[in-house]
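Please open the structure in your viewer and keep the selection tool at hand. The tour goes from one stop to the next, saying at each what to select and what is found there.

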Amino acid sequence: MKITGVKAYPLVQPLGEMSFAFSQSWVSARQTTIVVISTDEGIDGVGEAFGPARPIAAAVESCCAPVILGQDPFSSSAIWDNIYRPMRHNSQKGILIETMSAVDIALWDIKGKATGLPVYKLLGGAYRDKAHAYATGLYRPKVENAKEALVEEAVGYKREGFPAVKYKIGTVSPEEDLDILKAIRQAIGDDVKLMVDANCAYDATEAIRLAKQMEQYDVYWFEEPVPPEDIEGSIEVKNSTSIRIAGGECEATRYGFRELISRRAVDILQPDVCICGGFTEMQKIVAMASTWNMQCIPHVWGTNVAIAAALHCYAAIPDIPGKINPPEPFFEYDRSPNPLREGATHEKFAVVDGYIDIPRKPGLGVTANMDFLKAKTF
Ligand code: MG
């Protein structure tokens, strides 16, 4: 089989009144890039890259297409190295690796379709057949009474059956966040797990002080308390609190994760298959995580293409550590406003009693809605 075409679809959707904030910026539009790879046997593969869409689409065309056209999609590891090696000077994480992630995901989609197997089987098989979804939401909304809106949103997730919800801290003062956190905890009760995500809002001292005060609200994990460049700070925070520290969504490749893992800078690793280098790199990161006995819970923030890819990763990640009754790992299910999410594929994911089924059809198990992709390309 030979690759005959590579096409990127940079997508955008302004959010208008649905705009929301996390600690680093207001999100007034959603962007993502879908990549479609075609072959001489009529099998197409689809992938997605997290990040700024137009630079990624340009990198697909200028950095990836010349290397992969004419190649066999089953040579996905060699293709990965052949794109990365000559570009090492230019990008060891960020836009190029995000671009390579989309290309790699599309190649695995082709490999699955060509063999008639879902990607999780190619990754070694499933440890579980459904995903225990937690709701990522509770961003800062553009409303008069944010506290009331956030509490209402959290209660809505509980009503929908989500076993856990994540609140985005760091857009306001720690005092205001603690007040909102207390209100959310009181409203959802003790049986729903509650995570917080700072998106790198603090230095170690402030994060440690905040973590101590959050312990009373039974916070399940504290995500990205400090910027990813501050490894020492993350270690300090981790060693100061009983709350698990999570991180890794900004990190990429086995080389990037080597630092986080070998220095035990977090408790929970969160590689994103659309950021870290695709399935090819995710497998290596998971192997390292299991070697160091560290939990791995994928980060997910894209369309249904990204969600499908992450579900296959999730299914194939071992329980770390394993035991006869391991706790069910959570699966990140982004509920923040994103009209691109459902539109990108013909298939939709349903959450039933807090679970999403792992796709069982060949490849990713989702098909791109080409009319939608063309309409949203900018
Ligand atoms: Mg996060």
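The stops below cover a metal site, pockets, strands, cavities and cysteines, and throughout it should be kept in mind that this is a predicted model.

**The magnesium ion**

Begin by selecting the magnesium ion together with Asp 197, Glu 223 and Glu 249, the residues that coordinate the ion through OD of the aspartate and OE of the two glutamates, at 2.0 to 2.2 Å. If you follow these donors along the sequence, their spacing reads D-x25-E-x25-E. Asp 197 belongs to strand E9 (residues 193-197), while Glu 249 sits in the loop between strand E11 (244-247) and helix H9 (253-262), so this pair ties together parts that are 52 residues apart in sequence. Now colour by accessibility: Asp 197 counts as buried, at 0% relative accessibility, and Glu 249 is buried as well, with a relative accessible area of 10%.

**The largest pocket**

Keep Glu 249 selected and show the surface of the largest pocket, whose volume is about 700 Å³. Its lining is made by 35 residues, and those closest to the centre of the pocket are Phe 22, Phe 50, Gly 51, Glu 249 and Trp 301; Glu 249 is thus both a donor to the magnesium ion and one of these central residues. Among the elements, strand E3 (25-27) and strand E4 (29-39) are the ones that give two or more residues to this lining, and E4 provides the largest share, with four residues. Coloured by class, the lining shows 13 nonpolar, 12 polar and 10 charged residues.

**The second largest pocket**

Move next to Gln 295, Asp 319, Ile 320, Pro 321 and Pro 327, which are the closest to the centre of the second largest pocket among the 20 residues that line it. The volume here is about 300 Å³, and the lining divides by class into 12 nonpolar, two polar and six charged residues.

**Strands to trace**

Return to E3 and select the open sheet of three strands to which it belongs, where the order is E3-E2-E7 and the pairing is antiparallel. E3 and strand E7 (140-141) stand at the edges with a single partner strand each, so one side of each is left without a neighbour in the sheet. Strand E2 (residues 20-22) pairs with E7 over two bridges in the antiparallel sense, and a place to look is Ala 21, which stands opposite Arg 140 in E7.

Then select E4 with strand E5, which form a hairpin with four residues between them, and centre the view on Gly 42 in the turn, where phi is positive at about 80°. The two strands are antiparallel and pair over six bridges; Val 35, for instance, stands opposite Gly 47 in E5. Five of the six residues of E5 (residues 44-49) are buried, so this strand is largely enclosed by the rest of the structure.

**Enclosed spaces**

How many cavities of 30 Å³ or more does a search of the whole structure find? There are three of them, and the largest holds about 160 Å³ of space. To find it, select Pro 228, Gly 247, Gly 248, Leu 260 and Val 266, the closest to its centre of the 16 residues in its lining. Helix H8 (231-238) and E11 each supply at least two residues of that lining, in which nine residues are nonpolar, three polar and four charged.

The second largest cavity, with about 50 Å³ of space, has among its lining residues Thr 32, Glu 48, Ala 49, Phe 50, Asp 272 and Trp 301. Phe 50 and Trp 301 have already appeared on this tour, as residues closest to the centre of the largest pocket. The lining of this cavity has six nonpolar, two polar and two charged residues.

**Two cysteines**

For the last stop, select Cys 276 and Cys 313: are these residues buried or exposed? Cys 276 is buried, with a relative accessible area of 0%, and Cys 313 is buried too, with 4%. The structure holds zero disulfides, and the sulfur of Cys 313 lies 7.3 Å from the closest cysteine sulfur, that of Cys 276, which is too far for a bond.

Technical notes. Residues are numbered from 1 along each chain as its sequence is written. This is a predicted model: local features need pLDDT of at least 70, side-chain atom pairs count only at pLDDT 80 or more; totals for chains, interfaces and linings use all residues. Side-chain values use heavy atoms; hydrogens and water are left out. Donors are N, O and S atoms within 2.8 Å of the metal (3.2 Å for Na, K and Ca); water is not among the atoms, so sites may look incomplete. Buried means under 20% relative accessible area, exposed over 50%, partly exposed in between (1.4 Å probe, protein chains only). On a 1 Å grid over the protein atoms alone, a cavity is a set of points where a 1.4 Å probe fits but cannot get out, and a pocket is an open set with protein on both sides within 12 Å along at least five of seven lines; lining residues have an atom within 4 Å of a point. Grid points are joined across faces, edges and corners, and a volume is the space filled by probe spheres set on the points. Ala, Val, Leu, Ile, Met, Phe, Trp, Tyr, Cys and Pro count as nonpolar, Asp, Glu, Lys and Arg as charged, and the others, Gly among them, as polar. Two strands pair if DSSP finds at least two bridges between them. A disulfide is a pair of cysteine sulfur atoms within 2.5 Å.
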